[in-house]
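Here is a set of short exercises, each followed by a worked solution. Keep the viewer open and try each task before reading on.

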Amino acid sequence: MEPDVSIETCSMIRVAVLPIGPVPHALLRDYAAMLARHSRIELASISSFYTEHQKSPFAHQPWDSGLLQFKFLLGGSPPSPWEDFQSHRKVLAVIGICHCPSSPDLDEAVDLFGSACRGYASALVTRCFAFSPGDSQLEDGQNREDNLVLFPPADMQTQELHLLTMMQDIAASLLMEFEKWVLKAESSGTLLKTPLDSQASLSSEEVIKAKKRRLSRAQKTIGDYCLLAGSPVDANAHYSTALELARLTGDYFWYAGALEGSVCALLIDRMGQIDPVLEEEVKYRYNSVIMHYRKSFIQDNAQRVSPLSFELEATLKLARFLCRRELAKDVVDLLGTAADGAKSLIDASDRLILYVEIARLYGTLGYQRKAAFFSRQVAQLYMQQENRLAAISAMQVLATTTKTYRVQSRASMSKNSNDIISSHADSGKTHNQTVLSLFESQWSTIQMVVLREILLSAVRAGDPLAAWSAAARLLRSYYPLITPAGQNGLASALANSAERLPSGIRCADPALPFIRLHSFPIHPLQVDLIKRNPARDDWWAGSAPSGPFIYTPFSKGDTNDNSKQAMLWVVGEPVQVLVELANPCGFDLVVDSIYLSVHTGNFDAIPISVKLPSNSSKVISLSGIPTAVGSVKIPGCTVHCFGVITEHLFKDVDCLLLGAAQGLVLSDPFRCCGSPKLKNLVVPNISVISPLPLLVSRVVGGDGGVILYEGEIRDVRISLANAGTVPIEQAHIALSGKNQDAVISVSHETLQSVLPLKPGAEVMIPATIKAWQLGLTEHEIAGSKKASGSMGRPPKDNSSPMLLIYYAGSLASEQQSNNEKVVPYGRRLVVPLQICVLQGLSFVNARLLSMEIPADITENHPKAASSEVSNNEVSFPERIDSLVKIDPNRGSWGLRFLELELSNPTDVGFEISVSFELENSSSDDSLSNTKTRIDRDHSSRVLIPLEHFKLPVLDSSFFMKDNAQANGPSGRSPSFSDKSTKAELSACIKNLISRIKVRWHSGRNSAGELDIKDAVKSALQTSVMDVLLPDPLTFGFRLSRNASKDENGDSDTHNVSSSSTSPVVAHDMTRMEVLVRNNTRETIKMSLNITCRDVAGENCVEGDKATVLWDGVLNDITMEVPSLQETIHRFTLYFLVPGEYTLVAAALIEDANEILRARAKTTSPDEPIFCRGPPFRVRVMGTS
Amino acid sequence: MATTASFVIVSRNDIPIYEAEVGSAAKKEEAAQQHQFILHAALDIVQDLAWTTSAMFLKSVDRFNDLVVSVYVTAGHTRLMLLHDSRNDDGIKSFFQEVHELYIKTLLNPLYLPGSRITSSHFDTKVRALARKYL
C-alpha cells in the first residue's frame, strides 16, 4: 500500500529525487521544496521543448489545457512488484541533486549519479541538477555532454526560472519517451505480469488464458501511459477496450485496474468540475472497482500475495473523493470497511499506512476523535517496531492526538483557548454549565493512557524534554488515579529525563507542586501608605475612616474601588506574597527554587527553596523587590523542580479548584493535603510607586514588650529611624488603640525639632506610660496563665495603645503620565507599645474604721488638745508621727482609718507607701516614712488615717460652693436639695480621694501607684460627712483647778499637786469645766446638758440612787457661743463612790440654720438639732 | 451475556459520567482502556447520527474489529453507550431503556448536578444487575 493515494494518483508521473554526493540536510530540503513547486507542468509550456519524431499515439492530447503531473519521491523508492499493473508506480524519471561546494569533483558526481540511476531501471529520463557551482566547475560543466545540469549561482527567482525550464525540458522528454513506449507496445506488445499470477505451474490451460489476457493488459497499460501523458480521452478509449477484453477473459484484477484508470481519466477530463451526477458515476464505478478487487482474491496464494491492499486503496481513494461533511455517513462506512480490512493485511507497514490514511480522512471529515483513535493505533504499530526512529514517529503521531484528548502540552496550546480559560477563571462565579464546559472531555482513563504512551515513546525516542513534559502532565493531572508506586515511578522518570537535559531548561508544562495564591499581606502596619490631602494641614485625615462607624453607607462605593486597586508597592521596598504549595503525591518533593514570576519586568523576585513531604501543603512567603514605577502583574510562580524550570499559573489551579468544588475533577490537591478551604482570592491590581520615606521604630531597651505591673509608671524611649531614601519632611504623632490614657506623655517637640529627617538619621522620642488596670477577665487569664506556668509570655491581645506616626516626604508632586499632578503618598507608622500588664497588688477590701476612745479628763491633755484647736490644724504636720491621736475637734481619742486590704498574688515583693496631697500645700505630704512591705502571696492591710482631711470650719462654703442663694439668711432655698447634696458629696469624696496616693515600689525600678479610687469611694460613701466635716460644736471637759482660781477664788492646791497621779478623788469637790466651741461661722444659741454616768451606764446624777452630787448648773444651761469662739461653763461634782464615770455633754441647738441642719441630716425643719459631745472618762479614786 | 461489554454514560458536554465494564470476560486493564478509546471515538459518529433520527436508540453506530458500539441518546443529549461483541439488539434496547429510567431518577436528585459524575453505588448496582439480565 502506498500513502496519500487518491483517484488522481493514476495520472502522476513518479520522479525519484536523489541527493548526489554530500548535500547538507537543510539545503536538500530547500532544493526539494523548489522542485515540488513544479509538480504540475502545463502542456502548453513544453511545446518548445517537444519535437514530434513520428506521429503521436496520443491523438487527443489537449495541448492547450492539459498538464503533466509529477510526484517527487525524495530519496527514491524501491521498485514495486506491481509496476506492470499500474504504470504510475514506476519511477519514470530520476533527478539527482548535487551541491557543488560539497562535491567539488563533477566527474565523481556524474559517476555517483549514474550508479544511483542504475537502481531505477524503469526511469526514462535522468538528470542531475548541480546547484551553486564554482567558477572552475562552471567552465568544466560547459564542455560536458552528459546529463549534468549546472545551475549558476543566482538569486532565488532566477534559479526558480532555471529550474522551471529544466522541468519543462524533462516533461517534454518524458512525453516523447511515453510516445515511444506506446508505439512500441502497440506494435509488438509486452508481457505484463503481476505477483497475483501464479508463476510456478503454468498449465496449458493457463498459458492460453494468459495469451488471451495479454491484449487487455496491454491496452490497460497504454491507457495508463495516456493518463500520464495528460491525455484522458486517449486513455479512456484504451481503458474501454481493456475493460471489454478483461471482462471476457475473467481477468478481474486487471478489470478493476482499468476501471480505476477510466475513473481517473473521467475526472481529469472534467478538470475538477464535479457535479452530483459525476459523483454518483464515480461512486458507482469505484464500488465496482472495489467489488472486482475483492473478486480477484484467490485462495491458494493468499498467504503470499493478496489484492486486498488494492481493494483497501480503492476504498480509501473513494473515501478521499467523497470526503465531505454532507457525505460523512458514506465516508464513515467506507472507512469502517477499510479499518476492518486491516486485520487481514499481511504486511505490518501496510496496516500502518492504512491507519494513517484512515486517521487523515477522519481528520479531514472533522471527526477529530476518530482521527485521534486511529492515530493512536498508528502509534501503537510504531511502538511495536522496537527502534528509535519508530519511537520518534510514534511520539509525533501521539502528539497530534493530544489536542483531541485534551492532554496537550501547554507549549502547543493555542493562545485562544488559554484566553477562554482565563476569562472563565477571572469571572470567579461562573455558571455551572460554563464550568462544566471547562472540563469537557475529561476521559481520564484515555488521557492517562495517551500520556503514558507519549512518555514511553519519548523515552524510547530519546527525547528527554518530551518525556519530562508527558510525565509532568501525567503526574499533575492524574495523581489521584496513580498508585504511590506509580507516582514514585513518574518522579524518577522526571528525574531521569532531567539528567539528560541541559540545566536551566524550561518546560511549558508544570509538574508539581500545586501552587495557589494564599494572600497578599496588605501593607504591614509599619509601612502603611496614606493618601495625602495636600489641602489640609492634617493631611492624613480623611484617609482613614472617620466617625464612630466602621461601615458608612456613603463610603461604600469608595471602599469597593479601593479594595480592587489597593495594592501599592514602593520601589525598593521588599514585598511579600503568600502562596500555598501542595504536594499530594506519595514522595517527598524538593523544590530547588521557587519565585514569583512577573512578566512586567519591574520586579526582582527572590527565589527560595522548599521541601514538601509527601501529602502535605505549606504556606510560604515569596518576596521580591519592585524596581521601577509601573504596574506589576503576578500570573504565577516560576518553579525549578525535578531539574526543569516551569511556570505555574495561579489561574490554572483556580480552575482546578473550581472543578473540584463542582465534583468535575478528580480531587482538590490542597484539600487532600489537609489544607483548609480558601476563599477565592482576587488578585489586586498592583502598582508600584516611586520611593517614599520609611520610618522604622524600635523601643529602646525593651525588645519584646514592656512588662509592667498594674499602675506602674515607666519611661520608655522610642527610637525612630528613616530607613528609606527620601527625607521625611512632615511628621505627626497621634495615639490610637485601647488604653490610650496609659500613655501619659509623648514628646511631640522632639520629633518636630529634627525634621527633616534625612535618610539614615535617627531620633529618640521619650514617652511616659502607666500601666492600666486589668479587667476581671484579664485577671482570670493572667491567673490561668500563672497556673499553667507560662507566665513569661505576654498575652497576645490588642489592649496595648499604639502610637500612630504620620510622616511624609516633600510635597513636590510628581508628573504622571496623564498629566495629572499626584501628590506622593504619606505614610503611617504604627508603633504598638507592647505593654504587658501583669497583675500587681490586688485590692481586696476597703473599710472605714472609726472608733472613739473616751479621753481621760485631765488637766493637761485637754489643754494640749485645746491649744491645738486653733483653726489651722493642717499646719501641724509634726503630729503625724503617731497614728492614735486626739481628735482636735472632738477632744476624744479618735481613730478613723481607711483600711485597705491588699494582696500580692505576684511573685515579687511590694512596698507600699501612702501619701496625700494636702489641700493648700502644693507639695506632697509624706504621711509616714514607714513602708509596708507585702511579700509574694501574702496580703496586708494598709491604714490611712483620715482626720487630716477634716475641715477646720463648718461653713456653708462646703455645701454651697456654687450656690450663693443658699447662703442667704432668708432660710431654706429650694435648690438646697438632696440631689445637690449628693452631687456635692460625691465631688467632695472625689476631692478627698484624689488626694490619697498609694504608691508602691517593687524591685529596683518598678514603681507605680495603686488605683484605689473606686474602692475608697465605696468605703467612704456613707460616712464621708463624718470624716470630712467637723461637728458644729466641740465639747471638752477638764478639771479646772487652775481656772477656778480665776473664777471662784477657791484654790485646791492638793489636788493640783496630785492631779498628775490621781486627778479625781471620791468624797471631794471636783471642779470641772465644760468647754463648748463653736465651729461654725454663726453664733449658736443652745441649751447645754451635762450628764454623768457610771460604769453600768446609769445616770448617776439624777434619780433616787444618785452617787454623784453636784454644784452648779448641769441641765438646760442656755448659752450662746459666738462664731469660732469657745465658751466655758463651770461646775463641780462630788463623787460618793470611787470608780469610773463618764461625762457627756450634749446641746440642743436653737434656731439652727440650714448648714447645721444639713450637717445633722435632719429630715424636717422642725426637728430639734441635737449635738452630742464625745464621752469623757473620769476615774475616781478612793480616799483611803 | 456478552463476553465483552463496556458501558459508559456520556454527558452532553462529552464527559463520561459513569463507566462500567459489564462483560463476563476476564477483566483486563489493557482491554478496558481500548474500550474507552473506541467509545470515545464513536462519539464523533453519534454526534452526527443523533440528528438524523427521532429514535433514541441508534442501534449500532460504530465498530472496531469485532466490537460494536450501540448508542442510546436521551432527550437531553446524554448518551448511553455500550460496547459489545454480541448482536442482541432487543436486549440492548431494553437495557438502555431501563438504564435511562435509572438515569432520570438520578437526575431528579436535587443534590445531583446534571453533567457531573454519577457516584451513587445504588445506581452502579442496578446497572450491573440490568446488564446481567439483558446482555
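Two strands count as paired if DSSP finds at least two bridges between them. Keep that in mind for the first exercise, and remember that this is a predicted model.

**Exercise 1. Describe how β48(A) and β49(A) pair, and find which side chains of β49(A) are buried.**

Solution.
- Step 1: Locate strand β48 at residues 1139-1150 of chain A, and strand β49 at residues 1169-1172.
- Step 2: Check the bridges. β48(A) and β49(A) are joined by 4 of them, in the antiparallel sense.
- Step 3: Pick out one opposing pair: Cys1171(A) in β49(A) faces Ala1147(A) across the strands.
- Step 4: Follow the side chains along β49(A), which alternate. Ile1169(A) and Cys1171(A) point to one face and are buried, whereas Phe1170(A) and Arg1172(A) point to the other and are not.

**Exercise 2. Work out the strand order of the open sheet that contains β12(A) and β17(A), and name its edges.**

Solution.
- Step 1: Trace the 5 strands, whose order is β7-β18-β17-β12-β14 in chain A, with mixed pairing.
- Step 2: Look for strands that pair on one side only; these are β7 (506-507) and β14 (608-612) of chain A, the edge strands.
- Step 3: Move inward to β12 (residues 589-597) and β17 (residues 636-641) of chain A, which run antiparallel and share 6 bridges.
- Step 4: Find a bridge between them: Val591(A) has Cys641(A) of β17(A) as its partner.

**Exercise 3. Find the largest nonpolar core and explain why it lies between two domains.**

Solution.
- Step 1: Start with its extent, which is 207 residues. Those with the most contacts inside this core include Phe129(A), Ile358(A), Trp468(A) and Ile634(A).
- Step 2: Ask which element gives the most. Helix α5 (residues 156-188) of chain A does, with 13 residues.
- Step 3: Compare with the domain bounds. Domain 1 (9-186) and domain 2 (510-533 + 565-689) of chain A both give residues to the core, so it lies between them.
- Step 4: Zoom in on Trp468(A). Beyond four places in sequence, its contacts include Leu494(A), Leu501(A), Cys507(A), Cys641(A) and Phe642(A).
- Step 5: Now look elsewhere for a second, separate core, which has 35 residues, among them Ile1084(A), Ile1090(A), Val1108(A) and Leu1133(A).

**Exercise 4. Classify Thr1132(A) and Ala399(A) as buried, partly exposed or exposed.**

Solution.
- Step 1: Recall the cut-offs: buried is under 20% relative accessible area, exposed is over 50%, and partly exposed is in between.
- Step 2: Thr1132(A) has 6% relative accessibility, so this residue counts as buried.
- Step 3: Place Thr1132(A) in its surroundings. This residue belongs to strand β47 (residues 1126-1135) of chain A, and its contacts beyond four places in sequence include Met1069(A), Arg1071(A), Leu1109(A) and Trp1110(A).
- Step 4: Ala399(A) has 44% relative accessibility and therefore counts as partly exposed.
- Step 5: Ala399(A) sits in helix α14 (residues 388-405) of chain A. Its C-alpha atom is 7.5 Å from that of Ile454(A), with their positions 55 residues apart along the chain.

**Exercise 5. Outline chain B and its contact with chain A.**

Solution.
- Step 1: Count the elements of chain B: 3 helices and 5 strands. Along the sequence they follow the pattern β-β-α-β-β-β-α-α.
- Step 2: Turn to the interface, where 29 residues of chain B contact 36 residues of chain A.
- Step 3: Take the area. The two chains bury about 3000 Å² between them, with 55% of it on carbon and sulfur atoms.
- Step 4: Identify the residues of chain B that lose the most area to chain A: Phe37(B), His40(B) and Asp44(B), together 24% of what that side buries.

**Exercise 6. Decide where chain A calls for caution.**

Solution.
- Step 1: Begin with the averages. Mean pLDDT is 72 for chain A and 84 for chain B; the model scores ipTM 0.91 and pTM 0.64.
- Step 2: Find the extremes in chain A. Confidence is lowest in helix α30 (residues 1053-1058), at a mean of 36, and highest in strand β1 (residues 12-20), at 86.
- Step 3: Mark the stretches with pLDDT below 50, including residues 919-929 of chain A and residues 1043-1062 of chain A.
- Step 4: Apply the general rule: where pLDDT is low, predicted coordinates should not be read in detail.

Definitions and conventions
Residues numbered from 1 in each chain as written. Chains lettered and ligands numbered in written order. Predicted model: local features only at pLDDT ≥ 70, side-chain atom pairs only at ≥ 80, totals over all residues. Heavy atoms only, no water. pLDDT = per-residue confidence, 0-100. Buried < 20%, exposed > 50% of the residue type's maximum accessible area, 1.4 Å probe, protein only. Helix = DSSP H or I, 4+ residues; strand = E, 2+ residues; numbered from the N terminus. Core = buried A, V, L, I, M, F, W, Y, C linked by side-chain atoms within 4.5 Å. Domains from an automatic or database assignment. Contact = heavy atoms within 4.5 Å. Buried area = accessible area lost by both parts, 1.4 Å probe.
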